[in-house]
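Grab a pencil and try these exercises on a small scale first, then check each worked solution. Have the structure open while you read.

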Amino acid sequence: MAFTLYSLLQASLLIVNAVAVLHEERFLRHVGWGSDQGIGGFGEEPGIKAQLTNLIRSIRTVMRGKGTIFTIIIMIMMIIIT
C-alpha cells in the first residue's frame, strides 16, 4: 500500500475517532486527565497536560456528529475503490 493523500486522510480520521470516543469518567479520570485535574491559577500559563485535556474535550465536542458522517463517507469510498 502506497503512502497517498487518501491513506493520510484515513489515518487521521482513525486517530480523531479514537480521541472522540474516550470517555472522561471511565478512562481519562483514572489516568489523571479528568476535567478537574488541570485547573491552574489566574494568569498562569496552562501546562501541557491541561492543553491536551482541552484538546481532547474540544475534539469530542466538535466531532460528535460530524465524525460519524466523515467515517461513513470514508467507508463508502473504501468500498467503491477496493
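**Exercise 1.** Work out how the reach of helix H1 (residues 5-20) compares with the span expected at 1.5 Å a residue.

*Solution.* Keep in mind that this is a predicted model. Start by counting: H1 has 16 residues. The expected span is 1.5 Å times one less than that number, which comes out as 22 Å. Now go from the first C-alpha of H1 to its last, and you get 22 Å too, close to what was expected.

**Exercise 2.** Find out which residues of H1 are buried, and what covers them.

*Solution.* First, the buried ones: Ser7, Gln10, Leu13 and Val19. Next, look at what sits over them: the cover includes helix H3 (48-81). A handy rule for thinking about any such helix is that there are 3.6 residues a turn, so residues three or four places apart point the same way.

**Exercise 3.** Take glutamine 10: is this residue buried or exposed, and what does it touch?

*Solution.* Begin with its place in the chain, which is helix H1. Its relative accessibility is 18%, and the cut-off for buried is under 20%, so glutamine 10 counts as buried. Leaving out residues up to four places away in sequence, glutamine 10 touches Ile74 and Met78. Finally, check the backbone: glutamine 10 and isoleucine 74 are 64 residues apart along the chain, yet their C-alpha atoms are separated by 7.2 Å.

**Exercise 4.** Two residues of H3 are up next: decide how arginine 60 and phenylalanine 70 should each be classed, buried or exposed or in between.

*Solution.* Both arginine 60 and phenylalanine 70 lie in helix H3. Arginine 60 has 17% relative accessibility, so it counts as buried. Its contacts, again skipping residues up to four places away in sequence, are Val19, Ala20, Leu22 and Glu24. Val19 has come up before, as one of the buried residues of H1. Phenylalanine 70 comes out at 41%, so it counts as partly exposed. Phe70 also helps make a nonpolar surface patch of about 770 Å², together with Ile69, Ile72, Ile73, Ile76, Met77, Ile80 and Ile81.

**Exercise 5.** Check what the chain looks like over the stretch that UniProt lists as "transmembrane region".

*Solution.* The unreviewed UniProt entry gives residues 62-81 for this label. Over those residues the chain is 100% helix and 0% strand. The C-alpha atoms at the two ends of the stretch are 28 Å apart.

**Exercise 6.** Zoom out and describe the whole chain.

*Solution.* Count the elements: three helices and zero strands, running α-α-α from the N terminus on. Then look at burial: of the 82 residues, 18% count as buried. The accessible surface comes to about 6500 Å², and 70% of it belongs to carbon and sulfur atoms. Last, contacts: among those between residues at least 6 apart in sequence, 62% join residues at least 24 apart.

How values were computed:
Residues numbered from 1 in each chain as written. Predicted model: local features only at pLDDT ≥ 70, side-chain atom pairs only at ≥ 80, totals over all residues. Heavy atoms only, no water. UniProt positions renumbered as here; feature names shortened; annotations may be inferred. Helix = DSSP H or I, 4+ residues; strand = E, 2+ residues; numbered from the N terminus. Buried < 20%, exposed > 50% of the residue type's maximum accessible area, 1.4 Å probe, protein only. Contact = heavy atoms within 4.5 Å. Areas by Shrake-Rupley, 256 points an atom, 1.4 Å probe, with all protein chains shown as cover. Patch = residues over 30% accessible without salt bridge, like charges linked within 9 Å, V, L, I, M, F, W, Y side chains within 5 Å. Salt bridge = Lys/Arg side-chain N within 4 Å of Asp/Glu carboxyl O.
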